[in-house]
Each structure stands twice: as structure tokens, then as C-alpha cells.
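Me: I would like a close look at the salt bridges of this structure. Please describe the residues that take part and where they lie.

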Amino acid sequence: MTTSPARVDIAFSQEIQKISGSYGIEVTRDRGAAVTNGPAVVDGSDRTKLSVPLQPDLAPGRYVVNWTNTSDADGDPIEGAFSFYVNTQPNTVDLANDAQLAQIGFEEVTTAAGTPSAVRTDAAAPAATAGGTQSPAISAATPLPTSASSTSSDSDSNTALYAIVALVVVAVLVGLGVWQYTMRLGA
């Protein structure tokens, strides 16, 4: 984002329980202080939407969004996290950290083929934006700007993006393992 967003909005696939303490959004500067400017609020006309105002004029950098809610339909709690960037681009470390954030709220299961896979155990997957009246939106799965509207195709592209991010993380971990192995051979 080239400008500081006024708020973070998250839209869920199920209505949120409107019970104090059962939902929330915390936005912090990367490894720093909170930058929210008030409590998270469930939209009164559409209880699938949760938002939190942000402090004005955020400094350039990476911001981490941690969210929680409880589905009103089935009472299941869910959590997740993502990041967005103000007037800066992510570096390799940021992207690796973003991949770890993307796994919050997922659990590892073993597929029929015997390979591990990360899945969200609740159907209430979010679509999130950091925005305001003049700010572009940020998808929950990527630090790059997207359109301000969320559609069902966002869910499909988020799934593909999660797979790509997971592959990048695996490649980095394998690379670190190979590097460590070669360092031991050289010692």
C-alpha cells in the first residue's frame, strides 16, 4: 500500500458470535507496538464482517494482523493471521514470516497418500482488507494490493496462493538443510 489504511476489515463465511471476548483483531507493527485505534467491531447490518480502526499515518513497514472469532452457526472458534505492508515491499525474511502467519488456524493432517497437508478445520475462512475510503485493499493471503471487493473467486486464488507459499517455505527449509549438511561436511 502506498498510503496508510484507516482500518482493517475482515469478511467471514459465517456470522460471528457477538459476545464480548469471542472475537477480535489485533494489528501490530512488525515486532512492535499495537497500531489499532479502538476495539474490533462486528458490523451490525452484516455479522460476517469484523473491522478495527487503525492509528492515522502508519509509518512505512510491515504490519501483522491477528484475528479471532467464534462462529454463531456452530460455536466453533477460529483464528488466523496475515500481514500487510505500508509504503514498502517485503523481503525474503518477510515472505517466510508471512508463510508462517498463513498457517495460523490450520492443523496438519495426513492425506490418503500418506503426505502431510495443512487444512483449516472450520469453514469460516476469511477474506480481509486493510483499507479506508482512499486506500487499496490487501488480500488476507498476500501482501500485494488487490481490488477492494471480495468475491468467491478470492477463496480459490487464496487456496492456490497458500499452496505456492507452502512450496516456497518447503524449498527454503530444504535449502537450509542442504546448506547445514554441506557446512558439516566441510568442517
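Reply: In this predicted model, Lys 49 has a relative accessible area of 38% and is therefore partly exposed, since that value lies between the limits of 20% for buried and 50% for exposed. Its salt-bridge partner is Asp 46, and the closest N and O atoms of the two are 3.7 Å apart. Asp 46 is also partly exposed, because its relative accessibility is 25%.

The structure contains seven salt bridges. Another of them pairs Glu 15 with Arg 47, with 3.5 Å between the closest N and O atoms. This pair connects distant parts of the chain, 32 residues apart: Glu 15 lies in the loop between strand 1 and strand 2, while Arg 47 lies in the loop between strand 3 and strand 4. Glu 15 is partly exposed at 39% relative accessible area, and Arg 47 is partly exposed at 24%.

A further salt bridge joins the side chains of Arg 62 and Asp 98, at 2.7 Å from N to O. Here too distant parts of the chain are linked, for Arg 62 belongs to strand 5 and Asp 98 to helix 1, 36 residues apart. Both Arg 62 and Asp 98 are buried. Together with Asp 30 and Arg 31, they form one network of salt bridges that share partners.

Arg 62 is also among the contacts of Thr 28 that lie beyond four places in sequence, a list including Tyr 63 and Val 64 as well as Ala 33, Ala 34 and Val 35. Thr 28 itself is in strand 2, which spans residues 24-29. With a relative accessibility of 15%, Thr 28 counts as buried, because this is under 20%.

Methods:
Residues numbered from 1 in each chain as written. Predicted model: local features only at pLDDT ≥ 70, side-chain atom pairs only at ≥ 80, totals over all residues. Heavy atoms only, no water. Helix = DSSP H or I, 4+ residues; strand = E, 2+ residues; numbered from the N terminus. Buried < 20%, exposed > 50% of the residue type's maximum accessible area, 1.4 Å probe, protein only. Contact = heavy atoms within 4.5 Å. Salt bridge = Lys/Arg side-chain N within 4 Å of Asp/Glu carboxyl O.
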